[in-house]
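Trainee: Could you take me through one part of this model in some detail? I would like to see how the pieces sit against one another.

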Amino acid sequence: MSTVKIIPLGGFDKIGMNMTLIECGDSIVAVDCGMSFPPTNMPGISSSIPDVSYLKENADRFKGIVLTHGHEDHIGAIPYIIRELPVPIYGTPLTITLVEDKLRDFGIKGIKTRAIQAGKTIVVGEFKVEFIKTNHSIPDSVMLAVHTSEGVIVDTGDFKFDMSPIIGDKADMQRLSALGAKGVLAVLSDSTNAMIKGMSKSEMDVYQQLDWFFNFYNKNRLIITTFASNMERIQQILNLGKKYNKKVAMEGEVMLRVFSAARKLGYMDIPEGVLIDAEDVGNYSDEELVYLITGNHGESVQSISRIASGEHPGIRVKRDDVVLFSSVAMQGDEVEFNRTLNMLEEHGAIVEFGDIHATGHACAGELKLLYSLLQPKFVIPAHGEYRYRREAKKVACSIGIPAGDVLMVRNGDVIELTADSCKVTGRLSLEEVLIDGYEKSSVAHAILEERQKLSESGIVVVEVCIDKKSGRYASGVNVTSKGFVELESSPALKNSIQEAALSELSRFINQGVRDDRAGNGVSKAVRELILQETGKDPIVVALLTEVML
Ligand SMILES: [Zn+2]
């Protein structure tokens, strides 16, 4: 009897960066390959990606990546790892289109990608992987049933059960039930909303509420924010535009990308004459206009805050504009968000939140339904911080799954399964891999520490010219700083820095030392002096330039 292993590389300790390996014999398959969302405490860092050292060590057994859906926290890390691990990538048509866009952006060629329709099964290594239709906040989301020698493992990805979706079909509950009847070994399930009782709201409920606002504010200009990839919401707004004779101008690069991919695949039904170019808004009266502002998570709020503060290049908020937040309001900075709301209302705009957002993640009631349909032997709550996963465990236990069969695991745990057992037997040590701004590479922690220091205490540059022939210094000490203190108004401090630099430099010169050691010595002496005199610890750079006199 062979064992099957499940190894989460991300997605278990904090939200985002989802990637889970399933391994048996000569085959390893990765479910998803996502990046995390931007952290707030790391200057310049745009995200982090999973540590795939284990896959590099076992590259010959790595057979492919299978994707549940096209959100960044499930596909975003692909370009960073696929060059070194060039395996085939499988996903539904929209997901694969988004991945192909990404590979093109990064100039990566020669990777095999295959679009698989929900309902189909493919073979990857020694696994059969079945794509099962589900609902989420981006079209073409699926759960994956991985058929292994020991039994079926279901990874739900991000999911909800929407009985009245706006785009596409309902989740394939019949298939989940059929799998359950035959026997499911384990399920890795979305825990994001496990703390919320009952069922999540349907997109149809959101539509009815949005319809009410369109009708009530028929004479006002509307500014609506939503998440970029939420095509169901965008479809609703276009439909309502048609119904109420409005023109919709969209903005947000990410949205336009997902929108054009979904449109190409025929998932969107664009009513005639509703969509207009942002440049053409001047041709229409205010009461005809709807601005649709989108972005990823914090981005749509950032756009709205630019509109509120008058910094947006195209849109100025006016009295009686109606701003509808059709997304989670508090993404990111709460203080900034409140400031934005105040500014909008000061300009005379009306701000509305009421029931015009539905989550894309299953609440406790849907988790109960999932576990009841699948009747898994083992449950591994996934996607979320510890508290959310612990709550999912309670839900599983509440429908009769023994607590001992619900595993709380961490990123890097090696879980071994046989037909009748499931336990953590080892652990990979994982490093945090950070991605730097627009750079398409990872960044070292030492650089981050320097940035942190720069942001706290600034930088001081000490320059001295040295005569190449005599080895004596050939100029005074020039001291400049950024983000430190105003040196011109602190002449005493400036003098002390110059003196400290010169006396240390003289020491080196007298010993005939003119290389890096001298520079390092000068910066160390200046740093110590500054710390003593001001209590600040800026980065000090000493530039010793040799000149011919
Ligand atoms: Zn998602």
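**A close look at a sheet and its surroundings**

Mentor: Happy to. Let us start from one residue pair: Glu-463 stands opposite Asn-478 in strand S25. Please keep in mind that this is a predicted model.

Now for the strands themselves. Strand S24, residues 459–467, pairs with S25 in the antiparallel sense, and five bridges join the two. As general background, strands of a sheet pair through backbone hydrogen bonds, either parallel or antiparallel. Here the sheet is an open one of three strands, in the order S25-S24-S26, and its pairing is mixed. S25 (478–482) and S26 (539–547) stand at the edges with a single partner strand each, so one side of each has no neighbour in the sheet. On average, neighbouring strands of this sheet are turned by 20° against each other, direction ignored.

Two helices lie across these strands. Helix H14, made of residues 491–510, lies across S24 and S25 and runs at about 45° to S24. Helix H15, made of residues 516–534, lies across S24 and S26, running at about 140° to S26. Strand S24 therefore appears in both descriptions, because H14 lies across S24 and S25 and H15 lies across S24 and S26, with S24 placed between S25 and S26 in the order of the sheet, where those two are the edge strands.

Earlier in the chain there is a helix pair to look at as well. The axes of helix H11 (residues 364–374) and helix H12 (residues 386–398) come within 9 Å and cross at roughly 50°. That angle makes H11 oblique to H12, and the crossing is right-handed. On the H11 side, Ala-364, Leu-367, Lys-368 and Tyr-371 make the contact, while H12 brings Ala-392, Val-395 and Ala-396. Sorted by class, this contact has six nonpolar residues, one charged and no polar.

Tyr-371 leads us on to Pro-376, since Tyr-371 is one of the residues that Pro-376 touches. Pro-376 is found in strand S19, residues 376–382. Leaving aside residues up to four places away in sequence, its contacts also include Val-184, Leu-185, Ala-186 and Val-187. Pro-376 counts as buried because it has 27 C-beta neighbours inside 10 Å, where 20 or more are needed. Another residue to find on your screen is Ile-153: 223 residues separate Ile-153 from Pro-376 in sequence, yet their C-alpha atoms are 8.8 Å apart in space.

Terms used: Residues are numbered from 1 along each chain as its sequence is written. This is a predicted model: local features need pLDDT of at least 70, side-chain atom pairs count only at pLDDT 80 or more; totals for chains, interfaces and linings use all residues. Axes are lines fitted to C-alpha atoms, for helices over the stretch in contact, and angles run from 0 to 180 degrees between N-to-C directions. Helices (H or I, at least four residues) and strands (E, at least two) are DSSP runs, numbered from the N terminus. Angles under 35 degrees count as roughly parallel, over 145 as roughly antiparallel, 65 to 115 as roughly perpendicular and the rest as oblique. A crossing is left-handed if the near helix is turned anticlockwise from the far one by less than a right angle, and right-handed if clockwise. Two residues are in contact if their C-beta atoms, placed from the backbone, lie within 7 Å. Ala, Val, Leu, Ile, Met, Phe, Trp, Tyr, Cys and Pro count as nonpolar, Asp, Glu, Lys and Arg as charged, and the others, Gly among them, as polar. Two strands pair if DSSP finds at least two bridges between them. A residue is buried if 20 or more other C-beta atoms lie within 10 Å of its own, exposed if 12 or fewer, and partly exposed in between; C-beta atoms are placed from the backbone.
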